[in-house]
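Hi,

Here is the structure I promised you. Have a look at it first, and my notes follow underneath.

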Amino acid sequence: MNSRKDPLAEIRHLLTGPPVDLRKIARELGVNIWESKSLPEDIAGKLTTDPRKAGTSGFAIIVRKDDPLTRKKFTIAHEIAHFLVHSHLLANGEIVDRAEPGRKELYRSNLSNSMEGRANIIAADILMPWSLFAPLINERKSNIEALFQVSREVVDIRLASPVVRRLKRGAQI
């Protein structure tokens with residue numbers, strides 16, 4: 001966990017599909033996933049150490065139950081990214097949005113823009129690994145959305161990547 005060079009190293013073997021099985025990744029990491037009707041509208045998800053919900057790693061991801069599937073999938077991938085690269089900040093109490101005895105929580109909005117940006121990039125790498133995405137860069141966006149079960153916004157962001165421009169010029173990943 002918290003590998004600076006390759007945050008996906010310990011889960012790369014699970015980045016199969018499409019679509020990528022996020023629940024399988026979370027299980028392997030020891031992170032439980034819960035859906036909640038009680039999260040406020042402005043909070044899509046959180047990474048928490050709530051002992052009643054946590055998996056064997058001591059962490060759980062909670063997502064809004066009523067969000068669309070594509071939103072939930074991105075939120076889960078985003079929180080997995082936080083687990084992989086930022087959980088040490090939460091575990092030692094440096095980042096706490098709301099704390100109750102025995103529980104610390106990390107909300108998406110509680111981190112710096114650079115940390116959130118990095119989690120978003122890693123989330124895209126989880127949902128649409130380059131090994132699966134690269135052969136599809138000339139497909140219709142709607143086909144890519146359906147195949148990976150992601151939103152158009154996520155596909156657009158991925159297609160705007162400098163990596164895609166290099167691939168279209170014939171570069172290899």
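How do the residues lining the largest pocket divide into nonpolar, polar and charged? Before I get to that, keep in mind that this is a predicted model.

The split is six nonpolar, five polar and four charged. That makes up a lining of 15 residues, with Phe74, Asn120, Ala124, Val154 and Ile157 lying nearest the centre of the pocket. Helix H2 (69-91), helix H3 (113-127) and helix H6 (152-159) are the elements that each give two or more residues to this lining. H3 gives the most, with five residues. As for volume, the largest pocket comes out at about 360 Å³.

H6 is worth a second look on your screen. Its buried residues are Val154, Val155, Arg158 and Leu159. They sit on the same side of H6, because they cover an arc of only 130° around the axis. Glu153 and Ile157, on the other side of H6, are exposed. So two of the names from the pocket turn up again here: Val154 is buried, while Ile157 is exposed, and both are among the residues nearest the pocket centre.

Now for confidence. The mean pLDDT of the protein is 83, and 84% of its residues reach 70 or more. Helix H1 (residues 22-29) has the highest confidence, at 97, and strand S4 (residues 99-100) the lowest, at a mean of 37. Over residues 92-101 pLDDT stays under 50, and the model has 20 contacts beyond four places in sequence for them. Where pLDDT is low, please don't read the predicted coordinates in detail.

Cheers

Methods
Residues are numbered from 1 along each chain as its sequence is written. This is a predicted model: local features need pLDDT of at least 70, side-chain atom pairs count only at pLDDT 80 or more; totals for chains, interfaces and linings use all residues. Side-chain values use heavy atoms; hydrogens and water are left out. On a 1 Å grid over the protein atoms alone, a cavity is a set of points where a 1.4 Å probe fits but cannot get out, and a pocket is an open set with protein on both sides within 12 Å along at least five of seven lines; lining residues have an atom within 4 Å of a point. Grid points are joined across faces, edges and corners, and a volume is the space filled by probe spheres set on the points. Helices (H or I, at least four residues) and strands (E, at least two) are DSSP runs, numbered from the N terminus. Ala, Val, Leu, Ile, Met, Phe, Trp, Tyr, Cys and Pro count as nonpolar, Asp, Glu, Lys and Arg as charged, and the others, Gly among them, as polar. pLDDT is the predictor's confidence in each residue, from 0 to 100. Contact means heavy atoms within 4.5 Å. Buried means under 20% relative accessible area, exposed over 50%, partly exposed in between (1.4 Å probe, protein chains only). The arc is that of the directions from the helix axis to the C-beta atoms.
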